[in-house]
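Please open the structure in your viewer and keep the selection tool at hand, since each stop on this tour begins with something to select.

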Amino acid sequence: MNSTPRTEKQRLRREIRGCLAQVSPEYRQECSAAAFRILEATPLWRDARVILLFAPFGVEIDVWPWLIAALAQGKEAALPRFDPAADQYVACAVTDPDRDITMGHHGIREPSPQSAVLPLIRLDLVLVPGVAFDLHGRRLGRGKGYYDRMLANVRGVTCGVAYEEQILKDVPVEPHDRHLTCILTPKRWVAASPASV
């Protein structure tokens, strides 16, 4: 029986999650710091005025300190907040992480309902989580499609954030999947190259 993109995605999610289950707190911290050193040295970060980060879930690369750094550098920082009425994520400003954050959808930290919603077209840089990525900018998400729907309205740079272990040769895609501009790992920042047909 031939596999479809959907069944291949399910297989890859199981495989990558099994690999990430071995990530220690020390390795996560080391990788997170190394990835930020690379990002912070790029014009991409230096020139961005409005940045959408994400609240790391499980053992994902810990970008939370990057949120603190963005605010300290005078940038506008935002995080996704789930809007249940629209069944989608919106970008909301964060000015004080100690005050503005609450526990939200699926147990992920997000801005409180009082936080201002930012138009997605204002975002200069969007840091994107995922289960796996390839160097063509293809992303394997958790399977709900929330990020793809949000990214469809972003005009700024979209950057996947991952461990090297999450980088695959090819990620299967479906018509609704959004391609990213670049990929960041603890070892490299790579501008996504178009996939050959």
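Before the first stop, one term is needed: two strands count as paired if DSSP finds at least two bridges between them. Keep in mind as well that this is a predicted model.

**First stop: the three-strand sheet.** Select strand 8 (132-134), strand 9 (139-140) and strand 11 (167-168), which form an open sheet in the order 9-8-11 with mixed pairing. Strand 9 and strand 11 are the edge strands, each pairing on one side only. Strand 8 and strand 11 run parallel and are joined by two bridges, and if you zoom in on D134 you will find it standing opposite L168 in strand 11.

**Second stop: helix 1.** Leave those three strands visible and add helix 1 (residues 5-20), whose 16 residues reach 22 Å from the first C-alpha to the last, close to the 22 Å expected at 1.5 Å a residue. Now colour K9, L12, R13, I16 and L20, which are buried in this helix. Turn the view until you look down the axis of helix 1: its buried residues fall within an arc of 110°, so they line one face of the helix. What covers these buried residues includes strand 8, strand 9 and strand 11, the strands from the previous stop.

**Third stop: the eight-strand sheet.** Next, show the open sheet of eight strands, which follow the order 6-3-2-1-7-10-12-13 with mixed pairing. Strand 6 (117-118) and strand 13 (189-191) stand at the edges with a single partner strand each, so one side of each has no neighbour in the sheet. Within this sheet, select strand 7 (residues 125-128) and strand 10 (residues 157-161), which pair in the parallel sense over four bridges; the bridge partner of L125 in strand 10 is V157.

**Fourth stop: helix 4 and the core.** Add helix 4 (residues 64-72), which lies across strand 2 (76-83), strand 3 (88-94), strand 7, strand 10 and strand 12 (182-184), and runs at about 130° to strand 2. Which residues have the most contacts inside the largest nonpolar core? They are L39, L53, W66, L123, L125 and L127, in a core of 61 residues. Helix 4 provides the largest share of this core, namely five residues.

**Last stop: W66.** Finally, centre the view on W66 and look beyond its neighbours within four places in sequence: W66 is in contact with S32, A35, F36, L39, W45, L53, I61, L127, V161 and L184. Among these contacts, L39, L53 and L127 also belong to the residues with the most contacts inside the core.

How values were computed:
Residues are numbered from 1 along each chain as its sequence is written. This is a predicted model: local features need pLDDT of at least 70, side-chain atom pairs count only at pLDDT 80 or more; totals for chains, interfaces and linings use all residues. Side-chain values use heavy atoms; hydrogens and water are left out. Contact means heavy atoms within 4.5 Å. Axes are lines fitted to C-alpha atoms, for helices over the stretch in contact, and angles run from 0 to 180 degrees between N-to-C directions. A nonpolar core is a set of buried Ala, Val, Leu, Ile, Met, Phe, Trp, Tyr and Cys residues joined through side-chain atoms within 4.5 Å. Buried means under 20% relative accessible area, exposed over 50%, partly exposed in between (1.4 Å probe, protein chains only). The expected span of a helix is 1.5 Å times one less than its number of residues. The arc is that of the directions from the helix axis to the C-beta atoms.
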